Amino acid sequence: MAKGNMLLGQSRGKLGDVVFTRMNGEQIARPRVRHPRNPRTNKQLYQRAVMATIMQAYSAGIEIFDHSFQGKARGYANQRYFMKINTKI
């Protein structure tokens with residue numbers, strides 16, 4: 001992943017084998033994966049189920065969880081922290 005200034009840092013989408021996106025207010029460039037692997041091992045399916053359950057819990061209480069952690073910005077930062085602490089449980 002690279003941070004850069006492609007057309008003043010406002011690019012989004014694909015350009016050849018490079019994908020431009022914005023994350024936390026900064027432009028990010030990453031390589032495009034044309035043939036992603038999709039492992040269906042028991043461990044991977046278990047992890048996907050855990051993440052789906054945590055996301056459903058966050059969605060159900062978004063009004064509370066969206067601003068409940070001190071020192072975290074409202075929205076995405078709270079969601080990431082919520083996911084981090086609940087994934088370990």
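This is a short chat about how helices α1 and α3 pack in a predicted model.

Q: At what angle do α1 and α3 cross?
A: Roughly 130°. Helix α1 covers residues 42–60 and helix α3 covers residues 76–88. Their axes come within 10 Å.

Q: What does that make α1 relative to α3?
A: Oblique. The cut-offs matter here: over 145 degrees would count as roughly antiparallel, and 65 to 115 as roughly perpendicular, so roughly 130° falls outside both.

Q: Is the crossing left-handed or right-handed?
A: Right-handed, as α1 passes α3.

Q: Which residues make the contact?
A: From α1, Q47, M51, I54, M55, A57 and Y58. From α3, Q79, F82, M83, N86 and T87.

Q: And by class, how many are nonpolar, polar or charged?
A: Seven are nonpolar and four are polar. The contact has no charged residues.

Q: Switching to rings. How many aromatic pairs are there in the whole structure?
A: The search finds four. Y58 and F82 form one of them.

Q: What's the geometry of Y58 and F82?
A: Tilted. The centres are 5.3 Å apart, with 55° between the planes.

Q: Why care where the two rings sit in the sequence?
A: Y58 is in helix α1 and F82 is in helix α3, so the pair ties together parts 24 residues apart in sequence.

Q: Are Y58 and F82 buried or exposed?
A: Y58 is buried, and F82 is buried too.

Q: Which residues do ring pairs link into a cluster?
A: Y58, F65 and F82.

Key:
Residues numbered from 1 in each chain as written. Predicted model: local features only at pLDDT ≥ 70, side-chain atom pairs only at ≥ 80, totals over all residues. Heavy atoms only, no water. Axes fitted to C-alpha atoms, helices over the stretch in contact; angles between N-to-C directions. Helix = DSSP H or I, 4+ residues; strand = E, 2+ residues; numbered from the N terminus. Parallel < 35°, antiparallel > 145°, perpendicular 65-115°, else oblique. Left-handed = near helix turned anticlockwise from the far one by under 90°. Contact = heavy atoms within 4.5 Å. Nonpolar A, V, L, I, M, F, W, Y, C, P; charged D, E, K, R; others polar. Phe/Tyr/Trp six-rings, centres within 6.5 Å; stacked < 30°, edge-to-face > 60°. Buried < 20%, exposed > 50% of the residue type's maximum accessible area, 1.4 Å probe, protein only.
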